[in-house]
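Please look over the structure below. The report that follows takes up its backbone, its cores and its helix packing in turn.

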Amino acid sequence: MLWNWKILVSHVCCASFLLFWIILGTAVVDVIGSQQGIPLSVVKLWASAFGGEIKSISAKYSGSQLLQKKYKELEKSVRVEEIDGMKVVKNLSKKMEDMFRKKKEAIRRLVEAAEEAHLQHEENPELQYEYFNAVLINEVDEEGNNVELGGEFVLEPNEHFNNLSVNLSLSVVQVPTNMYNKDPAIVNGVYWSEALNKVFVDNFEKDPSLIWQYFGSAKGFFRQYPGVKWHPDEHGVIAFDCRNRKWYIQAATSPKDVVILVDVSGSMKGLRLTIARQTVSSILDTLGDDDFFNIIAYNQEIHYVEPCLNGTLVRADRNNKAHFREHLDKLFAKGIGLLGDALTEAFTILNDFNQTGHGSVCSQAIMLVTDGATQMYDDVFAKFNWPDRKVRIFPYLIGRESAFADNMKWMACANKGYFSQISTLADVQENVMRYLHVMSRPKVIDHEHDTVWTEAYMDSTGSIISRNKKGPSLMTTVAMPVFSTKNETKNQGILLGVVGTDIPLQELMKIIPKHLLGIHGYAFAITNNGYILTHPDLRPLYQKGQKRRKPNYSSVDLSEVEWEDKDDFLRNAMVNRKTGTFSMEVKKTVDKGKRLLKMHNDYYYTEVKGTPFSVGVALSRGHGKFFFRGNVSVEAGLHDLEQPDVALADEWTYCNTDEHYEHRSLSQIQAIKLYLTGRKPLIKCDRELIQEVLFDAVVTAPLEAYWTGLALNKSENSDKGVEIAYLGTRTGLSRTNLFVVQEDLSNQDFLTAEDKEGVFNADHFPLWYKRAAEQVPGTFVYSIPFGGNENKSVVLASTAIQLLDDRKSPIVASVGIQMNLDFFQRKFWTASRQCAALDGKCSISCDNEDIKCYLIDNNGFILVTEDYSQTGEFFGEVEAAVMTKLLLIGSFKRINLYDYQALCREYAGSSDSGHCLSHPFSIVKWLLTELVIFLLEFNLYSWWHVDLSVKAQNSRGKTMLVPCDTEYPAFVSERTIKETTGNIDCEGCVRSFVIQQIPSSNLFMVVVDNKCDCSSTLPVSMDPIEIMYNESLKCDRLKFQKDRKRPESCHPFHPEENAMECGGAAGLSAPLTAALLPLLATLFTR
């Protein structure tokens, strides 16, 4: 029986084993059958057929082989040179130095004229003077008469000033809306500053590249040349106050370390705390990138507004100030105020931080924002500040009560500061600004006209003086202070104002020798704080929608765009004004950040003398380090340069047409002709660049006849699939030929100014040129432009023209065509129906429902698919399972990139203070408070200027864009993998696919069987992900101080300074005056 049981078990085991192999064999057959359903040989045939067809079309209509032949014919007559990067950067630095020196000389002439005019002027409180008010010029009343301070003012459009209507003979005066146009101080200042008109005009004649010149008065008015009309906003207001501008503040004062003390005791509740917050915010507005600060709130305890920054100071950059402003809203009042402890803490911080050498190491100040001080705290001052009085005290008395005014003014006078009383929100700005003039006294008495240069910023007056929609432009300002030189006011150190002129950074771009930097090379400049002045990767505006400035656009650090330099070697060397070289591998994105180019860059850098700037150039290794020189006759070159199909890069400078007025109407080609043929041409040109552009004009000239012949041959291009042929050379020369009429172009923007990445620009070669240069020589790169639906209707094909057959050969040109997308796709579908069967009956075709066919590029974007709406989409979003597998087997690589200029959406939800309104009594209390505030503050200025806190409340409940850091992927194909087959397990269903490279291109055909549902696979997304920092990291980032170079000039105090000019109260009481005078006398004698 046992034996029978063993036999039965044995038979069952054998049967089971046999059944297992049958099932396994069936599964294997299924897989093999699936792969046989997409035979690699057939896909290879399709790819080969399509590749041959599309390359034939691209080569034929672009004329690439003809152009390559023409350059080859001249190979022995040209000279290839390696570019000396250090020589290039030093020459560029010298040109920048010369440009900036001219601007500096112009404002120095303005300073001298202003100080002389003021010296000759006697103040007259009864002076009546009609001047041209920038808002009122050419305005008439109901009867048609000119309004007062208006008058007829001739304005004519001027191309040099962005076609604004200006007056080149006269300046205009702008007065802030909250100031009286006929205030005696303003009228007197306007009267004597009329002397600047002649200097404005003379400066512009000496240097026609100058744009706006101006004088910002310490009294608040702003004189601007050339004269232009200003337009109020929809409320009839112009809030612009020159004294709030960075160029004014930097020129007026020295760098400073500041501690702001805010009283949050119980007596500060309600309106007083609101005014205190606004006062602190206004003080922050006056601090710049060379200043350091912290804010301490005090009652019976010391509360650092940002607890992480206990006992230290941080740089007053935009990010840090914004961070502290957020914390100001969280302040609430309770308890009693122990000012002595707060002052002790402030003095301790300033002393300790100064010892580290990390701050400004210059002026120091304590800003005290409180509703009163019960004593003078002379013991604290005696311990920490006397007799040297290196720390100035600026008390701001909040509220209408004056009981403690004497004590607070005493503090100011005893410590070289200034006392102000602020009763309403409308009083804040004017009272805060007064401290700047006190801080400027030592500089005035020293009579040091320090020249200051701002970081890159966008002109906010553009919307005031122009109603057009043209986007703002980046600029830097050079400014210099103007002092009173009258003997009787010398020890008072009276600042009259600041003069300045703007320098558009586009002017800097014009002097960059783009042709020497190569296809991927670029120039860049940074400030003494490491902020970018100009860099091709700086993105100051929103990418979508209206051209609005990003919140932190002016404080983008070099390390945030050259982020592969983890140790900040390049940044720190440039900040410290060194001359040297650096090298690293970089990942540069193009095509709106969707495509990646990997390169090895060599950097060369040096200082720009006479400025706080440093400049660098980056050259990519390989073809980017070489340049070649050819030679043709002037006659032949000019003949071919003047052909109608030729254009030169708009933003490159072949000749300087700005220097002389008579040259401004000339195109670059006209200027070149004048330079080469004129008897005594005054025009200055780049002879080397012109020689090379003439050479390129001659070599590329045969393509004009070639393209014309194709266009005239009716048998060619009968279906009008090829629309444009184009070429560009290393000298910025381009040629285009239309094979269809302009109206029939599928993409009207291509090769126009609207197509920013598709044309030669001040800081980059065209996108199609850059991508072709990284392809294997002789192959074409194909792509669908990213943008609107109109752009998706075309395919671009381009190839690079190489002079020699080795890596040291420069890429001399790129040629290409624009094809209609339908035409391109028809070629693909036709090729995918071919097979090797003798009877012509194909077992598989892209028409079959069992398979899906795609054409993707080397970055994974779809060019052809059955679903037209997926054209231009990323393959990983459409076929997630296949893309995941391609990444797994190495056909594609995922490369993580970082964006430190990103904007993320943040929900501005209700703050904690908003929850109190849920209680009925709270609502009544809130309404009564608001009514009281309104009645106390109501005046015309408050009506026009809505408090920032109200704006913040209005924004609650909405999403807003805030600066953030993001990580995002880019995808690149592996060049060595030409073909791949694979299987994907989708929840038990096995799906097969084949990927095959299209010969002589950057394209891949992907064929996938359609029998499995793989929709559960998560998409492979290109969306950026915000980098979240925990509280510890946030604190470390706040504390971390990057290297910076301090301004060389510092004027913290002067022994002749008159410290009795120290406040705006009605006057000190007799007892306090008696107490103060002996103290001050003692201090002055020490």
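## Cis peptide bonds

Pro-387 sits in the loop that runs between helix H11 (378–384) and strand S13 (391–398). The model is a predicted one. In it, the peptide bond joining Trp-386 and Pro-387 is cis, with omega about 5°.

A cis bond also leads from Tyr-225 to Pro-226, where omega is near 0°. Pro-226 belongs to the loop between strand S6 (222–225) and strand S7 (227–228). Most peptide bonds are trans, and most residues other than glycine have a negative phi.

## Positive phi

Asn-138 is not a glycine, yet its phi is positive, near 65°. Its place is in the loop between H4 and strand S2 (156–158). Is Asn-138 buried, exposed or partly exposed? Asn-138 has 33% relative accessibility, so it counts as partly exposed.

Leu-149 is also found in the loop between H4 and S2. This residue, again not a glycine, has a positive phi of about 65°. Leu-149 has a relative accessible area of 4% and is therefore buried. A further positive phi, about 55°, belongs to Lys-416, just after H12.

## The chain as a whole

The protein chain holds 32 helices and 40 strands. It has 1086 residues, and 53% of them count as buried. Contacts in the chain often span long stretches of sequence. Take those between residues at least 6 apart in sequence: 74% of them join residues at least 24 apart.

## Nonpolar cores

The largest nonpolar core has 113 residues. Which of them touch the most other members? They are Met-96, Trp-247 and Tyr-603. Helix H4 (residues 85–120) gives the most to this core, 14 residues.

Met-96 has contacts beyond its neighbours within four places in sequence: Leu-508, Ile-511, Ala-525, Val-608 and Val-615. Another core, of 91 residues, lies apart from the largest one. Phe-50, Tyr-675, Phe-695 and Leu-733 are among its members.

## An enclosed helix

How many residues of helix H12 (residues 405–414) are buried? Nine of the 10 are, so H12 is largely enclosed by the rest of the structure. The buried residues include charged and polar side chains as well as nonpolar ones: Lys-409 and Asn-407 are buried in H12. Also buried there are Ala-405, Met-408, Trp-410, Met-411, Ala-412, Cys-413 and Ala-414.

## H19 against H20

Two packed helices are described by the angle between their axes and the distance between the axes. Helix H19 (residues 634–641) packs on helix H20 (residues 668–677) at about 160°, and their axes are 11 Å apart. Angles over 145 degrees count as roughly antiparallel, and H19 and H20 are therefore roughly antiparallel to each other. The crossing of H19 past H20 is left-handed.

From H19, the contact uses Val-634, Leu-638 and Leu-641. From H20 come Ile-669, Ile-672, Lys-673, Leu-676 and Thr-677. By type, the residues of this contact are six nonpolar, one polar and one charged. An α-helix has 3.6 residues a turn, so residues three or four places apart point the same way.

## Two partners of H22

Helix H2 (residues 40–62) packs on H22 at an angle of about 120°, with 9 Å between their axes. That angle makes H2 oblique to H22. Ala-59, Lys-60, Tyr-61 and Ser-62 of H2 meet Leu-703, Tyr-706, Trp-707 and Leu-710 of H22. The contact of H2 with H22 divides into six nonpolar residues, one polar and one charged.

H22 (residues 702–712) also packs with helix H21 (residues 687–700). Here the angle is about 35° and the axes are 5 Å apart. Val-698, Val-699 and Thr-700 make the contact from H21, with Pro-702, Leu-703 and Glu-704 from H22. Four of the residues in the contact of H21 with H22 are nonpolar, one is polar and one is charged. Leu-703 of H22 thus appears in the contact with H2 and in the contact with H21.

Notes:
Residues numbered from 1 in each chain as written. Predicted model: local features only at pLDDT ≥ 70, side-chain atom pairs only at ≥ 80, totals over all residues. Heavy atoms only, no water. Axes fitted to C-alpha atoms, helices over the stretch in contact; angles between N-to-C directions. Helix = DSSP H or I, 4+ residues; strand = E, 2+ residues; numbered from the N terminus. Parallel < 35°, antiparallel > 145°, perpendicular 65-115°, else oblique. Left-handed = near helix turned anticlockwise from the far one by under 90°. Contact = heavy atoms within 4.5 Å. Core = buried A, V, L, I, M, F, W, Y, C linked by side-chain atoms within 4.5 Å. Buried < 20%, exposed > 50% of the residue type's maximum accessible area, 1.4 Å probe, protein only.
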